[in-house]
Every structure is written in structure tokens, then in C-alpha cells.
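User: I'm new to this structure and would like a close look at one part of it. Could you take me through the pockets, and then the helix packing as well?

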Amino acid sequence: MTQTERAENFHSLHQAVAPFIIPNPWDVGSARMLEEKGFKALATTSAGYVFSTGRQEGSLTRAEVLEHCTELTGAVNIPVSADLEDGYADDLPGVAETYKLAGRAGLVGGSIEDARIASEKPLYEFSQAVERVQAAVKGARSLPFKFTLTARAENFLYGVPDIADTIKRLQAYQDAGADVLYAPGLTRLEDIAAVVTSVDLPVNVVVGLKDTQFTVEDLARVGVKRISIGSALFRRAFGIAMDAADEMLDQGTFSFAAGAKPFADINRIFER
């Protein structure tokens, strides 16, 4: 499948009546497993990836992220979108360049956040945030295929649970040219419904954060088009390993191994 075909497929998934689940692998193995299971598209997780390298979130460089994305897009035959945080640049030309490079990494979609990690005031001021989305759009539109750009309003993740401001930002990002809108951290269906009915673009919702245990049916009922899980898969897998380590050290037992997937079942996934 060519990159243009992947891009068209990814775009069309957002037009369906029912929402689709876009899980978040953290490495090539998890990406290929999710493809083998039947998911139609994947999205990277910056947190899952950086934790898998043994570092804290916020330490990734643009070059590292794009190299990681290149590995994932080369390993699967379905569309891949990327968590590109705040665009990995301070200036607007740098933001635009990130999305040009994303296309060259084999990606057919990517997000831009209106907040920066490890800052005393993480949320970008409104007008600056809009300019940065515009820059991301400019970079994405320079590509020779339909790159699906997701604009994120980070209010609820950074201690500003203001649904009115969240909607204001998302509406502005829609006007700036984004293709999908996303406000991570919403925990009430009524707030999600308010977002969906206030914009004209597909809306993504993340499930797997605290107090976000919605079902596909719940989210379909309020008009959500895409469901992601962020770093939840990685955190679950890593958490199982942590619990197993505790059992071995504290109890001297190995009961965790009884639940391990058979070697042959995993090996079969990677037969190509």
C-alpha cells in the first residue's frame, strides 16, 4: 500500500458512522501485533515510547521521534499517525518543518498540542496556540498527499478544566485548518458531547486516563469518530512486569508466568 493510499484510508476512517479505535503501540513488536489483531490504523504514544527507552516524558527530540516513527511505518501496512507533542519547535517555521518531516517518515497523520511539557505555564496563550496550529497546517499541506492533522486542546490535562475555553480553542483550530479535534482528559460524557456539537470536524477521545472508562457505545452515542488509548497499553504491560518483579522478590514465587502467552503464539505474529 502506498503512502497516498494509506493517507486516503486513514481519512476515510474518520468519515464512517461508527467510531474506530486507534490503539497506540510503543515499538515495532507492539505495532505489528496490533496490526495482526485487525486494527485499521495506529497512533504512536510519546509517553509509551519514551518510557520504553528508560527516560522521563519530555526528553525526546524531534529527530528521535521521527526515527521511531520511520521504524513503525516501515513495519506495518496500515496507516500510522504520530503524537508529535507541541511540534518540537519554538518558532513557527520549525513547527511547519516538523510536519513536512513527518510525511517523509511515512506518517499519514499527526497531532499538535497547545501545551509544552516541563513549563511553569504549559498552555500556550490562545493567539500563539492558533498560530502554531496554522504553522502545522502549512507544513502538512505542503505534502503530496492528504495528511490528517489533529489539533489538541490540553486544558484538562494541565489543571485548567474550562470546557468553554477548550471549545473556544478547538473552534479556532478548526478555523486554522485542522482535520481532527481532540481534548484529552475529558471525564464527563456531557462535556464530550458539548465538544462534538460545537465543531464540524471529527473528534478524538482518549480512553485509559483516570475516570475515562467509556465504552465504544457510549462515545458513539455522542458522536465521537475516533477513540485512542494513549499510553495505557504500555502502562498496563509495564505494570504487569512490575508486579511480576515484586512477586519474585517479595514472595519467591513465579505464578505470573502461568498467564504468559505461549512462545509460539507470539512468534507466529512476526512470521512474514
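Analyst: Here is a walk through two pockets, followed by two pairs of packed helices. Please keep in mind that the model is predicted.

Let's begin with the second largest pocket, which has a volume of about 550 Å³. Its lining is made up of 31 residues. If you want to find the middle of this pocket, look for D83, E113, R152, Y182 and G230, the lining residues that lie nearest its centre. Several elements each bring at least two residues to this lining: the helix α3 (46–52) and the strands β3 (80–82), β4 (109–113), β5 (148–152), β7 (203–206) and β8 (226–228). Of these, β4 gives the most, with three residues. Sorted by class, the lining of the second largest pocket holds twelve polar, eleven nonpolar and eight charged residues.

Now turn to the largest pocket, whose volume is about 720 Å³. Here 17 residues form the lining, and M33, A237, K261, I266 and I269 are the ones nearest the centre. Three helices, α2 (28–37), α10 (232–251) and α11 (263–269), each supply at least two of the lining residues. By class, the lining of the largest pocket counts ten nonpolar, five charged and two polar residues.

With the pockets in view, we can move on to the helices. Two packed helices are described by the angle between their axes and the distance between the axes.

Take helix α5 (residues 92–104) and helix α6 (residues 126–141) to start with. They pack at an angle of about 40 degrees, and their axes are 7 Å apart. The two helices are therefore oblique to each other. The crossing of α5 past α6 is right-handed. On the α5 side, the contact involves L92, V95, A96, Y99 and K100, and these meet E131, R132, A135, A136, G139 and A140 in α6. The residues of this contact comprise seven nonpolar, three charged and one polar.

The other pair is helix α7 (residues 163–176) with helix α8 (residues 189–198). Their packing angle is about 30 degrees, with the axes 10 Å apart. That angle makes α7 roughly parallel to α8. α7 passes α8 in a crossing that is right-handed. From α7, the residues in contact are I163, I167, L170 and Q171, while α8 contributes D191, A194, V195 and S198. This contact between α7 and α8 consists of five nonpolar residues, two polar and one charged.

To retrace the route on your screen, start at D83 and G230 in the second largest pocket, go on to M33 and I269 in the largest pocket, and finish at the oblique pair α5 and α6 and the roughly parallel pair α7 and α8.

Terms used:
Residues numbered from 1 in each chain as written. Predicted model: local features only at pLDDT ≥ 70, side-chain atom pairs only at ≥ 80, totals over all residues. Heavy atoms only, no water. Axes fitted to C-alpha atoms, helices over the stretch in contact; angles between N-to-C directions. Helix = DSSP H or I, 4+ residues; strand = E, 2+ residues; numbered from the N terminus. Parallel < 35°, antiparallel > 145°, perpendicular 65-115°, else oblique. Left-handed = near helix turned anticlockwise from the far one by under 90°. Contact = heavy atoms within 4.5 Å. Nonpolar A, V, L, I, M, F, W, Y, C, P; charged D, E, K, R; others polar. 1 Å grid on protein atoms, 1.4 Å probe; cavity = no way out; pocket = protein on both sides within 12 Å on 5 of 7 lines; lining within 4 Å. Points joined across faces, edges and corners; volume = space filled by probe spheres on them.
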